[in-house]
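Q: Hi! I'm new to this one and would love a friendly tour. Could you pull it up so we can chat about it?

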Amino acid sequence: MSPEQLLAETETALPTLRAAVTGLPAYVPGRRSLGADIAALASNESHYEPLPAATAAVAEAAGRMNRYPDMAAVELRERLAQHLGVTLEEVAVGPGSVGVLQQIITGLCDAGDEVVFAWRSFEAYPILVELAGARPVRVPLDRAEGHDLDAMAAAITDRTKVILLCTPNNPTGVPISHHRLEAFLQSVRSDILVVIDEAYVEYAEAGSGPDSLALYRRFPNVCILRTFSKAYGLAGLRVGYAITTATIAEGLQRTALPFAVSALAQKAAIASLDAGEEMAARVSLVKQERARMAAELEAQGWKLQPSRGNFLWIRADAPLLALLVDAFDAAGILVRAYQGDGVRITVADPASNNRVLRLLAAHAAVAAS
């Protein structure tokens, strides 16, 4: 007898998912490369292999995979604290910055509470908020593809618990300036946690975005969120961190999945911090390529906002977006399309970037029409 027939005979109900789960939009990851001739430019990964020191640290730690990692990640947190000029108690870690963000929302939000963020921004924001039973409050970007901080301030209610600020913004690449963010923080209630999500901060030019550590020292309700997935090239190991008050950081450890950050990830992150100059040299090359691509695309007629991430953003309506996605697919170039908004293209090696430039040159006339 099949399970369906048995159920029909017994009329026994099966377990069901929460309505909040069945109603969630699925997170859409960047598509994966399936061949050597495919340019994988959809996920904002570093195109460089991991730093040699990180690879060596993972190899050395691999012989102890039979043991649980340090759940408190003390050594990594100590190194981060030293690196950033904060205390150990102000550092919390998790499986990527998105993992830490889930800990934040779980730790602060009850059902019906509100989380305010710009839109479009990081796609995981509304998913994590709804999963916690809270209510996502999307505030449209301004005309320059950046955060409309005045509108975000106006969206705050007595149910607001968390505000998410992504700078540089993913997927548009636009940062929030220090003075604008400082003025915004002055207008926000002190009982609201303001998360400054800086996943791409290493790619931003000095002074283009906020001095988040200075703002954190002045406004205790600020939480800084960063990751080793992008510039440090450890996307496959999943390790991110938050800088926040000791009270909040301790709460984030309570909401963390036990042993979520592997020993390999912890060791690789420490080794990557120690190889900061080498990482910075790689970042500099990406920034040079980003500037080269932006200049050529603007010369072709494409209208771009200056990006401070390791990606470029092209605003496109539905017909143009469909045309571009088909063209990129046919050319073996994986990019990230956002329905109704545009396309994000990761900046990678010069050869891959040149493929992007040639393709967009062939379609520039259509975009201008």
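A: Happy to! One term will help us: buried means under 20% relative accessible area, exposed means over 50%, and partly exposed is in between. Also keep in mind that this is a predicted model.

Q: Got it. So where does Arg135 fall, buried or exposed or partly exposed?

A: Arg135 has a relative accessible area of 44%, so it counts as partly exposed.

Q: Which residue does the side chain of Arg135 meet in a salt bridge?

A: That would be Glu114, at 2.9 Å from N to O. Glu114 lies in strand E3 (residues 114–119) and Arg135 in strand E4 (residues 135–140), so their pairing ties together parts that are 21 residues apart in sequence.

Q: And Glu114, buried or exposed?

A: Buried, because its relative accessibility is 8%.

Q: Why would two side chains like that pair up at all?

A: Side chains of opposite charge can pair when their charged atoms come close.

Q: How many salt bridges does the structure hold?

A: There are 17 salt bridges in the structure. One of them joins the side chains of Asp274 and Arg79, at 2.5 Å from N to O. Asp274 belongs to helix H11 and Arg79 to helix H4 (residues 74–84), so this pair ties together parts that are 195 residues apart in sequence.

Q: Is Asp274 buried or exposed?

A: Asp274 is exposed, with a relative accessible area of 53%. Its partner Arg79 counts as partly exposed, at 26% relative accessibility.

Q: What about Arg315, which residue does that one form a salt bridge with?

A: Arg315 pairs with Glu145, and their closest N and O atoms are 2.7 Å apart. Arg315 sits in strand E9 (residues 311–315), while Glu145 sits in the loop between E4 and helix H7 (149–154), so the pair ties together parts that are 170 residues apart in sequence. Arg315 is partly exposed at 38% relative accessibility, whereas Glu145 is buried at 8%.

Q: Which residues are joined into one network by salt bridges that share partners?

A: Arg120, Glu145, Arg315 and Asp341 are linked that way.

Q: Switching to helices. Which residues of H4 are buried?

A: Leu76, Arg77, Leu80, Ala81 and Leu84 are buried in H4. Looking down the axis of H4, they fall within an arc of 135°, so they line one face of the helix.

Q: Why do spaced-out residues end up pointing the same way in an α-helix?

A: An α-helix has 3.6 residues a turn, so residues three or four places apart point the same way.

Q: Neat. What covers the buried residues of H4?

A: The cover includes strand E2 (91–94), helix H9 (212–218), strand E7 (222–227), strand E8 (240–243), H10 and H11.

Q: And what follows H4?

A: Gly85 does, and its phi is positive, near 75°.

Q: Which residues are buried in H3?

A: In helix H3 (residues 52–61), Ala54, Ala57 and Ala61 are buried. They cover an arc of only 60° around the axis, which puts them on the same side of H3. Helix H11 (263–274) is included in what covers the buried residues of H3.

Q: At what angle do H5 and H10 pack?

A: Helix H5 (residues 96–108) and helix H10 (residues 246–255) pack at about 100°, with their axes 9 Å apart. That makes H5 roughly perpendicular to H10. From H5, the residues Val100, Gln103, Ile104, Thr106, Gly107 and Leu108 meet Ile248, Leu252 and Thr255 in H10. By class, this contact of H5 with H10 has 5 nonpolar, 4 polar and no charged residues.

Q: Last topic: where does Thr244 lie?

A: Thr244 is in the loop between E8 and H10, and it counts as buried at 0% relative accessibility. Not counting residues up to four places away in sequence, Thr244 touches Glu90, Leu193, Tyr216, Val222, Cys223, Ala249 and Leu252.

Q: And Val116, buried or exposed?

A: Val116 is buried, with a relative accessible area of 0%, and it lies in strand E3. Leaving aside neighbours within four places in sequence, its contacts include Val137, Val139, Met152 and Ala155.

Key:
Residues are numbered from 1 along each chain as its sequence is written. This is a predicted model: local features need pLDDT of at least 70, side-chain atom pairs count only at pLDDT 80 or more; totals for chains, interfaces and linings use all residues. Side-chain values use heavy atoms; hydrogens and water are left out. Buried means under 20% relative accessible area, exposed over 50%, partly exposed in between (1.4 Å probe, protein chains only). Helices (H or I, at least four residues) and strands (E, at least two) are DSSP runs, numbered from the N terminus. The arc is that of the directions from the helix axis to the C-beta atoms. Contact means heavy atoms within 4.5 Å. Axes are lines fitted to C-alpha atoms, for helices over the stretch in contact, and angles run from 0 to 180 degrees between N-to-C directions. Angles under 35 degrees count as roughly parallel, over 145 as roughly antiparallel, 65 to 115 as roughly perpendicular and the rest as oblique. Ala, Val, Leu, Ile, Met, Phe, Trp, Tyr, Cys and Pro count as nonpolar, Asp, Glu, Lys and Arg as charged, and the others, Gly among them, as polar. A salt bridge is a side-chain nitrogen of Lys or Arg within 4 Å of a carboxyl oxygen of Asp or Glu.
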